[in-house]
Amino acid sequence: MSSSPTPGTDGHAPGVPTELYSSFTNSVRELADATLRSNADAETLARAEALVREVTATLTADQIPGTHGESCPQGGLVGSWGNTVVGLRNPVAIPLVFAYETDRVWAEFTPGALFEGPPGHMHGGVIAMFLDQVLGELAVHLNRPGLTANLSVDYLKPTKLNTVLRIEAWVERTEGFKTWTTGTVSTADGTVCAKGTGLFILPRFLREKSLAEITEAQQHDATTS
Ligand SMILES: CCCCCCCCCCCCCCCC(=O)SCCNC(=O)CCNC(=O)[C@H](O)C(C)(C)COP(=O)(O)OP(=O)(O)OC[C@H]1O[C@@H](n2cnc3c(N)ncnc32)[C@H](O)[C@@H]1OP(=O)(O)O
């Protein structure tokens with residue numbers, strides 16, 4: 001890891017536009033899928049490995065310390081480049097791109113081979129992770145941010161890969177600093193494959209603060225840690 005200067009709080013290295021981070025990260029996602037499904041022969045794979053190692057060496061020559069959440073907060077509670085579900089710069093993320101309505105949050109996505117659990121179907125842990133995100137995003141969207149205290153998932157039907165899925169969440173009830181949200185993953189014909197409920201709790205040390213103060217405190221912690 002290099003000792004290059006810490007990037008600005010917007011996380012951009014000098015002169016790099018967001019679109020380039022986005023398209024570059026997408027190319028790495030494509031590489032991951034190509035890696036998983038390639039039928040290349042041994043010689044081709046060995047050549048590809050050397051090329052990939054060269055690219056990795058180029059990128060690791062200058063890196064942020066730690067994580068994006070710690071180093072480069074993106075000016076909001078949700079907008080993290082590093083988030084494993086929605087992170088623009090995280091090649092592990094699909095990423096989900098949420099639409100925000102008055103009382104719900106939703107996204108459409110098409111999971112491929114990288115997300116396999118049972119043959120041809122989505123891994124249950126990944127479904128739970130995506131539900132955690134949409135349920136938590138809804139709480140933030142309603143100005144009721146919190147950490148997941150409890151997450152429960154009912155898997156109703158196997159969830160096919162390589163098909164358009166819709167994930168959405170709505171609020172079930174609220175009580176002080178607690179928010180209960182419910183969400184589903186469903187197919188285009190409306191079949192619900194999984195249903196999740198979550199309890200999101202604003203941690204004790206933040207309960208006396210306003211939303212603006214919570215955002216500010218998070219960013220201060222991130223930039224001074
Ligand atoms: C940093 C902040 C904000 C914003 C962030 C935004 C993030 C923007 C991303 C958007 C979307 C991300 C979506 C992914 C979200 C994660 O993945 S979060 C990561 C996974 N979750 C965690 O790591 C949380 C770990 N747990 C904790 O930190 C703490 O246990 C909690 C949940 C904050 C609660 O701690 P606490 O505030 O000290 O709670 P405490 O005062 O003991 O109890 C308060 C009340 O809650 C109840 N309670 C506590 N735990 C539970 C439980 N597990 N079940 C039921 N009731 C419970 C207590 O019984 C008590 O009830 P009352 O007596 O008041 O009726």
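**Questions about the terms**

Student: Why does Asn-162 count as exposed?

Tutor: Asn-162 has 10 C-beta neighbours inside 10 Å. A residue is exposed if 12 or fewer other C-beta atoms, placed from the backbone, lie within 10 Å of its own, buried if there are 20 or more, and partly exposed in between. A count of 10 meets the condition for exposed, so Asn-162 gets that label. The model is predicted: local features need pLDDT of at least 70, side-chain atom pairs count only at pLDDT 80 or more, and totals for chains, interfaces and linings use all residues. Residues are numbered from 1 along each chain as its sequence is written.

Student: What makes the phi of Asn-162 worth a remark?

Tutor: Its phi is positive, about 55°, although Asn-162 is not a glycine. Most residues other than glycine have a negative phi. Asn-162 lies in the loop between β3 and β4. Helices (H or I, at least four residues) and strands (E, at least two) are DSSP runs, numbered from the N terminus.

Student: Where is Asn-143 found, and what is its phi?

Tutor: Asn-143 is in the loop between α4 and β3, just after α4. Its phi is positive, about 60°, and Asn-143 is not a glycine either. With 10 other C-beta atoms within 10 Å, Asn-143 is exposed.

Student: Which label does Lys-157 get, and why?

Tutor: Lys-157 has 13 other C-beta atoms within 10 Å, a count between the two cut-offs, so Lys-157 is partly exposed. Lys-157 is placed in the loop between β3 and β4.

Student: What does Lys-157 touch, not counting residues up to four places away in sequence?

Tutor: Thr-191 and Cys-193. Two residues are in contact if their C-beta atoms, placed from the backbone, lie within 7 Å. Phe-177 is 20 residues from Lys-157 along the chain, and their C-alpha atoms are separated by 33 Å.

Student: How do you know that the ends of α4 are as far apart as a helix of 18 residues should have them?

Tutor: The expected span is 1.5 Å times one less than the number of residues. For α4 this gives 26 Å, and the end C-alpha atoms are 25 Å apart, so the two agree. For α2, with 19 residues, the expected span and the distance between its end C-alpha atoms are both 27 Å.

Student: How many residues of α2 are buried?

Tutor: Zero of the 19, so α2 is hardly covered under the definition of buried. In α4, by contrast, the buried residues include Phe-130, Leu-131, Val-134 and Leu-138. What covers the buried residues of α4 includes β1, β2, β3, β4, β5 and β6.

Student: What makes a group of residues a nonpolar core?

Tutor: The members are buried Ala, Val, Leu, Ile, Met, Phe, Trp, Tyr and Cys residues joined through C-beta atoms within 7 Å. The largest such core here has 22 residues; among the members that touch the most others are Ile-127, Ile-167 and Val-185. The elements that give two or more residues to this core are β2, α4, β4 and β6. The largest share, seven residues, comes from α4. Nonpolar side chains tend to be buried together in soluble globular proteins.

Student: Which residues does Leu-131 touch, leaving out those up to four places away in sequence?

Tutor: Val-153, Gly-183, Val-185, Ala-194 and Gly-196.

Student: Which residues come nearest to the ligand?

Tutor: Gly-136, Pro-145, Leu-147, Ala-149 and Arg-204, out of 18 residues around the ligand. A residue is near a molecule or strand if its C-beta atom, placed from the backbone, lies within 6 Å of it. α4, β3 and β6 each supply at least two residues of this shell, and α4 gives the most, with five.

Student: How many residues of the shell fall in each class?

Tutor: There are 10 nonpolar, five polar and three charged residues. Ala, Val, Leu, Ile, Met, Phe, Trp, Tyr, Cys and Pro count as nonpolar, Asp, Glu, Lys and Arg as charged, and the others, Gly among them, as polar.

Student: What makes the bond from Ile-94 to Pro-95 stand out?

Tutor: That peptide bond is cis, with omega near -10°. Most peptide bonds are trans. Pro-95 lies in the loop between α3 and β1.
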